[in-house]
Amino acid sequence: MPQNIIDDLAATGTESWRTMRIMAEIVTALDELNSLHANCVSIFGSARSPVGSAEYQAAEKLAAMLVHAGYGIITGGGPGVMEAANKGATEANGVSVGLHIKLPYEQGCNKYVKTRLNFRYFFVRKFMFVKYARAYVVMPGGMGTVDELSEAFVLAQTGRTRPFPIVLYDSSFWNGFLEWLRNSMAAGGFIREEEISKLVVVRDTPEEVVDYLRKIIIL
């Protein structure tokens with residue numbers, strides 16, 4: 001059934017037709033991303049980082065280096081760090097995917113996305129980030145970035161996804177967060193200290209990230 005008809009029926013508010021729209025979104029994304037034939041790294045970070053900021057420049061450089069190392073790049077397709085990563089990948093002639101979702105603020109799709117997918121549902125979009133990523137690189141960002149990090153951590157922690165590295169970029173940004181995990185969550189018995197050290201690593205330069213990923217991911 002055509003997507004526009006499904007959307008019209010879903011707009012009636014019935015849960016059954018809304019389920020059809022969810023299914024259509026999943027199938028469309030799977031068909032598109034299955035055709036990439038690339039080992040991709042999902043890069044997350046703030047949509048609010050301006051061009052020329054330290055994290056923008058780092059994301060652009062990192063994406064280009066990952067492409068030269070044999071990886072494709074997946075982002076949320078928006079501005080800021082996402083734009084920088086797509087730019088680095090595209091200008092290096094690599095796979096540059098944007099999983100775009102319409103939001104009230106900041107989320108117009110950037111011009112450097114080569115393969116664009118549009119999402120209505122956050123949970124479908126999150127599934128695609130995990131399914132097609134060999135690794136996560138999490139740059140400085142806000143609550144959306146922390147949300148993606150938390151999702152990946154829980155899936156890895158509970159064994160609900162295949163093991164994949166989660167790299168936090170910029171220790172000066174993430175150290176306070178990690179200290180809180182250790183001093184509050186782990187100290188309170190809510191998570192184990194070894195889960196933090198096992199599932200998350202911190203790196204401070206694009207070169208360190210690429211070197212780490214090349215050692216643990218066999219292409």
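# Exercises on a predicted model

Asp-170 is placed in the loop between S6 and H7. The structure is a predicted model, and the exercises begin with this loop residue.

**Exercise 1.** Work out what sets the backbone of Asp-170 apart, given that Asp-170 is not a glycine, and find which residue of the loop between helix H4 and strand S3 can be set beside it.

*Solution.* Start with the backbone angle: Asp-170 has a positive phi of about 90°. Then recall the usual case, which is that most residues other than glycine have a negative phi. The next step is to look for another positive value, and Asn-93 supplies one, with phi near 65° in a residue that is likewise no glycine. Asn-93 lies in the loop between helix H4 (81-91) and strand S3 (96-101). Finally, consider accessibility: Asp-170 has a relative accessible area of 22% and is therefore partly exposed, whereas Asn-93, with 69%, is exposed, since the word "exposed" is kept for values over 50%.

**Exercise 2.** Describe the largest nonpolar core, and then follow Tyr-136 through its contacts and its ring pairing with Phe-164.

*Solution.* As background, nonpolar side chains in soluble globular proteins tend to be buried together. In this model the largest nonpolar core has 36 residues, and those with the most contacts inside it are Leu-33, Leu-99, Met-128 and Tyr-136. Helix H6, which covers residues 143-157, gives the most to this core, namely five residues. Apart from this core lies another one of 29 residues, and Leu-66, Ala-92, Val-137 and Val-209 are among them.

Now turn to Tyr-136, which at 0% relative accessibility counts as buried. When neighbours within four places in sequence are left aside, the residues in contact with Tyr-136 include Ser-42, Phe-44, Lys-126, Phe-129, Glu-148 and Phe-164. The structure holds seven aromatic pairs. In the pair of Tyr-136 and Phe-164, the ring centres are 5.1 Å apart and the planes stand at 55°, so this pair is tilted. Because Tyr-136 lies in strand S5 and Phe-164 in the loop between H6 and strand S6 (166-169), the pair ties together parts that are 28 residues apart in sequence. Phe-164 counts as buried too, at 7% relative accessibility. The last step is to widen the view, for Phe-44, Phe-129, Tyr-136 and Phe-164 form one aromatic cluster.

**Exercise 3.** How many salt bridges does the structure hold, and which parts of the chain are linked by the pair of Lys-61 and Glu-207?

*Solution.* The structure holds seven salt bridges. One of them joins Lys-61 to Glu-207, with the closest N and O atoms 2.8 Å apart. This pair links distant parts of the chain, since Lys-61 is in helix H3 (residues 54-68) and Glu-207 is in helix H9 (residues 206-216), 146 residues apart. Both ends are partly exposed, Lys-61 with a relative accessible area of 42% and Glu-207 with 32%.

A further salt bridge is formed by the side chains of Glu-151 and Lys-126, at 3.7 Å from N to O. As Glu-151 belongs to helix H6 and Lys-126 to helix H5, this pair ties together parts that are 25 residues apart in sequence. Here the two ends fall into separate classes: Glu-151 counts as partly exposed at 29% relative accessibility, whereas Lys-126 counts as buried at 13%.

The salt bridge between Arg-182 and Glu-193 has its closest N and O atoms 3.2 Å apart. Arg-182 lies in helix H7 (residues 171-186) and Glu-193 in helix H8 (residues 193-199), so parts that are eleven residues apart in sequence are tied together. Salt bridges that share partners, finally, join Lys-126, Asp-147 and Glu-151 into one network.

**Exercise 4.** Why is Glu-148 not counted as a salt-bridge partner of Arg-125, and which backbone oxygen does the side chain of Arg-125 reach?

*Solution.* First locate Arg-125, which is found in helix H5 (residues 122-131). Arg-125 is buried, and the nearest side chain of opposite charge, that of Glu-148, is 4.2 Å away. A salt bridge needs nitrogen and oxygen within 4 Å, so this pair does not qualify. The side chain of Arg-125 does, however, reach the backbone oxygen of Gly-76 at 3.3 Å.

**Exercise 5.** Where is Gly-141 placed, and what separates its C-alpha atom from that of Gly-45?

*Solution.* Gly-141 is in the loop between strand S5 (133-138) and H6. Although Gly-141 and Gly-45 are 96 residues apart along the chain, their C-alpha atoms are separated by 4.6 Å. With neighbours within four places in sequence left aside, Gly-141 is in contact with Gly-45, Ser-46 and Phe-173.

How values were computed:
Residues numbered from 1 in each chain as written. Predicted model: local features only at pLDDT ≥ 70, side-chain atom pairs only at ≥ 80, totals over all residues. Heavy atoms only, no water. Helix = DSSP H or I, 4+ residues; strand = E, 2+ residues; numbered from the N terminus. Buried < 20%, exposed > 50% of the residue type's maximum accessible area, 1.4 Å probe, protein only. Lys, Arg positive; Asp, Glu negative; His and termini not counted. Polar contact = N/O pair within 3.5 Å; in protein donor to acceptor, adjacent residues only side chain to side chain. Core = buried A, V, L, I, M, F, W, Y, C linked by side-chain atoms within 4.5 Å. Contact = heavy atoms within 4.5 Å. Phe/Tyr/Trp six-rings, centres within 6.5 Å; stacked < 30°, edge-to-face > 60°.
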